[in-house]
Amino acid sequence: MPQVKGGNKKQGGRQSGGSGRGKSSGSRTSGGRASNTPARDAVAKQSADVGSIFMGVFFLGAILIGAAAWMGNSISIVEDKANEIADGVAKTFGFSVQTIHVVDDVNPDQERRILDALGVVQGDNMFRADPHQLKERLDELPGFGGIQVHRFWPDQITVVATPLEASVLYRNDQTGDVVPVHMTGEIADEVSQTALYHTIQGEGALEAYPVLHSELQDFPTIDTRLDYAERRGERRWDLVMVSGTRVKLPSGDARSEALAVLAALQRETGVLDRQVEMIDLRDPARVYVRRRQLEAGLAGVERAG
């Protein structure tokens, strides 16, 4: 009996242990399946999402290429069609240009030129009306300064443009054409009918004129008798007076002193109103004056006859 009990006990223990191991093993297997299944599902879902994206991009590209081939092998046509759709959507939601204002003191002709250069018309897509790009267009338009372009949502474009007023007339040495120029050197769009403008010519004249203009303001006896100023060698000026007298000025800072000498000579002798061909002030120590020899010779011939 003891042996029977002992045998039963060991057998029961082995069965219990085996059963325990079986349960434990079953528990691990079941637990492993429970914990691993959601992770595998997530990975599978992400793979499916990525695959869907790639497939969508692939099909979209195929559609665009096919549409381009169908419409003449030109992607630009597809872009144009897409732009038309975008413009239609913008117009539907009220984002199309309805008003273009040009402010500042401009006349109708100037306003027309600004609008033509702007390249925007009523009904255009507001999103395309980039103020920076529009300003770049207007900056190429001669005769205007202080240009600003503003976009006011949902449907208004405002342009601020100041017509440049003429400060001097520039004569082209080659063609003889005369154009009004602002003090900045840009072509002017406003010319006064009553103002008296200097005329300048020669290479480098536009850049050097503002300093000469400032100096001439101190000598009205010279300024009012000036016909035109010619830039010589990009270094100095010759002043041609209404009497025909050519005054050769020195370069650099010595010019102001030479103008003072010329003004003094005019006050004392009226040299700028006489029959003088040339006055050379380039030497600071002396003044060279040459009379018109041709006129003197003709007068002598007439007296001899």
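Two strands are taken to pair if DSSP finds at least two bridges between them. On that basis, an open sheet of three strands in this predicted model has the order 1-3-2, with mixed pairing. A further open sheet, of eight strands, has the order 5-4-6-7-8-9-10-11, also with mixed pairing. The protein has eight helices and eleven strands in total; these are DSSP runs numbered from the N terminus, with helices being H or I of at least four residues and strands E of at least two.

**Basis of the values**

- The model is predicted, so local features need pLDDT of at least 70 and side-chain atom pairs count only at pLDDT 80 or more, whereas totals for chains, interfaces and linings use all residues.
- Residues are numbered from 1 along each chain as its sequence is written, and side-chain values use heavy atoms, with hydrogens and water left out.

**Whole protein**

- Of the 305 residues in the protein, 27% are buried, where buried means under 20% relative accessible area, exposed over 50% and partly exposed in between (1.4 Å probe, protein chains only).
- The protein exposes about 19,700 Å², of which carbon and sulfur atoms supply 54%; the areas come from the Shrake-Rupley method with a 1.4 Å probe, and for residues only the protein chains shown count as cover.
- Among contacts (heavy atoms within 4.5 Å) with a separation of 6 or more, 50% are between residues 24 or more positions apart.

**The three-stranded sheet**

- The sheet of three strands, in the order 1-3-2, has strand 1 (99-103) and strand 2 (144-152) at its edges; each has a single partner strand, so one side of each is left without a neighbour in the sheet.
- From one strand to the next, the twist averages 15 degrees; axes are lines fitted to C-alpha atoms, for helices over the stretch in contact, and angles run from 0 to 180 degrees between N-to-C directions.
- Seven bridges link strand 2 and strand 3 (residues 156-163) in the antiparallel sense, and glycine 145 has threonine 162 in strand 3 as its bridge partner.
- Helix 3 (residues 108-118) packs on this sheet, touching strand 1, strand 2 and strand 3, with its direction at about 130 degrees to that of strand 1.
- Helix 4 (residues 131-139) also packs on the sheet, where it touches strand 2 and strand 3, and its direction makes about 155 degrees with that of strand 2.

**Isoleucine 114**

- Isoleucine 114 belongs to helix 3 and is buried, with a relative accessible area of 1%.
- Leaving aside residues up to four places away in sequence, isoleucine 114 touches Val102, Val106, Leu138, Leu141, Phe144, Val159 and Ala161.

**The eight-stranded sheet**

- In the sheet ordered 5-4-6-7-8-9-10-11, strand 5 (178-181) and strand 11 (288-291) stand at the edges; each has a single partner strand, so one side of each lacks a neighbour in the sheet.
- Strand 8 and strand 9 (residues 246-248) run antiparallel and are joined by three bridges, with leucine 239 opposite valine 247 in strand 9.

**Helix 5**

- Helix 5 lies across strand 4, strand 5, strand 6, strand 7 and strand 8, at about 140 degrees to strand 6.
- Ala205, Ala208, Tyr209, Leu212, Glu215 and Leu216 are buried in helix 5 (residues 205-216).
- The axes of helix 5 and helix 7 come within 11 Å and cross at roughly 35 degrees.
- At this meeting, Val211, Leu212, Glu215 and Leu216 in helix 5 contact Arg255, Ser256 and Leu259 in helix 7.
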